[in-house]
Amino acid sequence: MTCQELAEFLIDYINGDLTPTVATSFQRHLNVCADCRAFLSTYRQTIELSKAAFLVNHEDPFEQIPDELVN
């Protein structure tokens, strides 16, 4: 698996939706590629930060979003 192929499968990997064969290939690539490990880590952090940004106010998650971004 190449770095580009890994990027194409990233969301499926995070969601646990890869076939066993692809998951094995994905993991092998991660084992030897520090850049892809770093990319995966920052991708996961981005997902978590995005989720947290919308959970600031549990009553109205859109209250914290500036009007100019919603309109």
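User: Is Tyr13 buried or exposed?
Analyst: Tyr13 is partly exposed, with a relative accessible area of 21%. Buried means under 20% relative accessible area, exposed over 50%, and partly exposed in between (1.4 Å probe, protein chains only). This is a predicted model, where local features need pLDDT of at least 70, side-chain atom pairs count only at pLDDT 80 or more, and totals for chains, interfaces and linings use all residues. Residues are numbered from 1 along each chain as its sequence is written, and side-chain values use heavy atoms, with hydrogens and water left out.

User: How many aromatic pairs turn up in the whole structure?
Analyst: The search finds 2. In one, the rings of Tyr13 and Phe26 have centres 4.0 Å apart and planes at 20°, so they are stacked. Rings of Phe, Tyr and Trp (its six-membered ring) pair if their centres lie within 6.5 Å; planes under 30 degrees apart count as stacked, over 60 as edge-to-face and the rest as tilted.

User: Where do those two sit in the chain?
Analyst: Tyr13 is in helix α1 (residues 3-15) and Phe26 in helix α2, 13 residues apart, so the pair links distant parts of the chain. Helices (H or I, at least four residues) are DSSP runs, numbered from the N terminus.

User: And Phe26, buried or exposed?
Analyst: Phe26 is buried, at 0% relative accessible area.

User: What about Phe39 and Tyr43?
Analyst: Their ring centres are 6.1 Å apart with planes at 45°, so that pair is tilted. Both residues lie in helix α3 (residues 34-53), 4 residues apart, about one turn of the helix.

User: Switching topic: which helix has Arg28?
Analyst: Arg28 lies in helix α2 (residues 20-32) and is exposed, at 57%.
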